[in-house]
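Please open the model in your viewer and keep the sequence panel beside it, since the tour below moves from one selection to the next.

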Amino acid sequence: MPKAGSLRSSLEDDKGIKVGTVLILLAGRFRGRRVVLLKKEKKTGTLVVTGPYKINGVPLRRVDPAYVIATSTKIDLGKINLAPVTEDFFARPKASKSKSEEAFFKKGDKAEKVELPQAKKDAQAKIDEQIMTAIKGDEDMAKYLGSIFSLHDRDLPHAMKF
Amino acid sequence: MPSTNEWRFIEIGRLCLITKGKYEGKVATIVDVVDQNRVLLDSPALENEKRWTGVPRHVVTMKDIEPTPIKTSIQRGLKLTGLKKALEEQKTVARWGELAWAKKLVVRDARTNISDFDRFRVDRARRVRAFTLRKKLADRLQKDGKDRKAKKVFVSA
């Protein structure tokens, strides 16, 4: 996969990237969504984020830092346990390359629905739980994360502060 | 418009708002007059008034400033320490801060520098308020038997 864009300085501080920053995704399936930053993948340079899933439907996902606006809002996650997100968490499942005739004829058929592995669901739940406890009591934050960013008639994006 | 006895003269000690240039938005005192078009301004940084002060002594054209109703009694060409003392004693910047003009500028600042989260909160507060008012009106109308349909208001998020 091509190397991701360089990380903006607004996302980093002396101790590394600011975990817990709220980001606005600008491109892709979840464009406009506000998500929580978890970590930066060294290998690819991408950012690992989560909705949390229950709030806005964004799962644990990698995101290119160039296609993101880092807001000044930060959730204090303390020492969040990101162990469930392993190194190969986002690896594409290896499709069986059977060269048999069966496979050849099967190609045209509709793709079978692949169920998300339980391990991923568990990881999602574990991480989101930590975030939910961090924002507990802050009703505004939950609704904020659930809202979608868009430009309105009189908005001047170059003058807006995030 | 201010009346004749409230004219804001360009004079030594007049507090002016800088409307253009690097120090736009700051407030400074006229320390000397250069000629028909230019004045010497200075605004020593005051601890409690960081938003308004902190302009080095320099010459400025009248076009780029706006005189305020506030004035300090100082001698022409007063140097920095003397000027700072006079401003503090006469509470010049504090008096400026009391004006509706200054307060409006502060509000404008807040609106420009609002964070994304706060923008959302303000937005939401407005929508909730609008909804509450309309609902109250609709309930009242219904109670009075006028029974007009309350306009459906989308408040979510």
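Begin by selecting chain B and viewing the whole of its trace: the radius of gyration of chain B is 24 Å, whereas a compact globule of 157 residues would have one near 15 Å. What you have on screen is a predicted model, and every value quoted on this tour should be read with that in mind. Measured out along the principal axes, the C-alpha atoms of chain B fill a box of roughly 75 × 40 × 30 Å.

Now switch chain B to a cartoon representation, in which four helices and five strands can be picked out. Following the chain from the N terminus, you pass through the elements in the order β-β-β-β-β-α-α-α-α. If you colour by accessibility, buried residues make up 32% of the 157 residues in chain B. Of the contacts in chain B between residues at least 6 apart in sequence, 55% join residues at least 24 apart.

Next, select Thr72(B), which sits in the loop between β5 and α1 of chain B. Is this residue buried or exposed? Thr72(B) has a relative accessibility of 1% and therefore counts as buried. Showing its surroundings, and leaving aside the neighbours within four places in sequence, you will find Thr72(B) in contact with Ile12(B), Gly13(B), Thr29(B), Ala86(B), Leu87(B), Gln90(B) and Thr92(B).

Stay in chain B and display Asp32(B) together with Arg76(B), which form a salt bridge whose closest N and O atoms are 3.2 Å apart. Asp32(B) belongs to strand β2 (residues 27–33) and Arg76(B) to the loop between β5 (65–71) and α1 (80–89), so the pair ties together parts of chain B that are 44 residues apart in sequence. The two partners can be told apart by their accessibility: Asp32(B) is buried, with a relative accessible area of 19%, whereas Arg76(B) is exposed at 62%.

A further salt bridge in chain B can be shown by selecting Arg14(B) and Glu11(B), whose side chains meet at 2.6 Å, N to O. Arg14(B) is buried, with a relative accessible area of 4%.

Turn now to the boundary between the two chains by selecting the residues of each that touch the other: 11 residues of chain B are in contact with 17 residues of chain A. Together the two chains bury about 1100 Å² between them, and 55% of this area is on carbon and sulfur atoms. Within that selection, highlight Asp116(B), Phe117(B) and Phe120(B), which supply 48% of the area that chain B buries against chain A, more than any other three residues.

With the side chains still shown, look for the charged and polar pairs that cross the boundary: there are three salt bridges between chain B and chain A, and five residue pairs are in polar contact, with both residues at pLDDT 80 or more. Helix α4 (residues 116–143) of chain B gives the most to the side of chain B that touches chain A, contributing six residues. By class, that side of chain B has four nonpolar, three polar and four charged residues.

Zoom in on Arg34(A) and Asp116(B), whose side chains meet in a salt bridge at 2.9 Å, N to O. Adding Arg119(B) to the selection shows a network in which salt bridges that share partners join Arg34(A), Asp116(B) and Arg119(B). Over all chains, the structure holds 15 salt bridges.

Finally, hide chain B and select chain A, which comes to four helices and seven strands. Read along the sequence, these elements follow the pattern β-β-β-β-β-α-β-β-α-α-α. Buried residues make up 36% of the 162 residues in chain A, and residues 24 or more positions apart account for 63% of its contacts with a separation of 6 or more.

In chain A, display Lys121(A) and Glu115(A), whose side chains meet in a salt bridge at 2.9 Å, N to O. Lys121(A) is partly exposed, with a relative accessible area of 33%, whereas Glu115(A) counts as exposed at 59% relative accessibility.

The last stop is Lys43(A), in the loop between β4 (34–40) and β5 (47–50) of chain A. Lys43(A) is exposed, with a relative accessible area of 73%. From there, draw a distance to Val114(A): the two residues are 71 residues apart in sequence and 27 Å apart in space, C-alpha to C-alpha.

Terms used
Residues numbered from 1 in each chain as written. Chains lettered and ligands numbered in written order. Predicted model: local features only at pLDDT ≥ 70, side-chain atom pairs only at ≥ 80, totals over all residues. Heavy atoms only, no water. Contact = heavy atoms within 4.5 Å. Buried area = accessible area lost by both parts, 1.4 Å probe. Salt bridge = Lys/Arg side-chain N within 4 Å of Asp/Glu carboxyl O. Polar contact = N/O pair within 3.5 Å; in protein donor to acceptor, adjacent residues only side chain to side chain. Helix = DSSP H or I, 4+ residues; strand = E, 2+ residues; numbered from the N terminus. Nonpolar A, V, L, I, M, F, W, Y, C, P; charged D, E, K, R; others polar. Rg over C-alpha atoms; globule rule 2.2 N^0.38 Å. Buried < 20%, exposed > 50% of the residue type's maximum accessible area, 1.4 Å probe, protein only.
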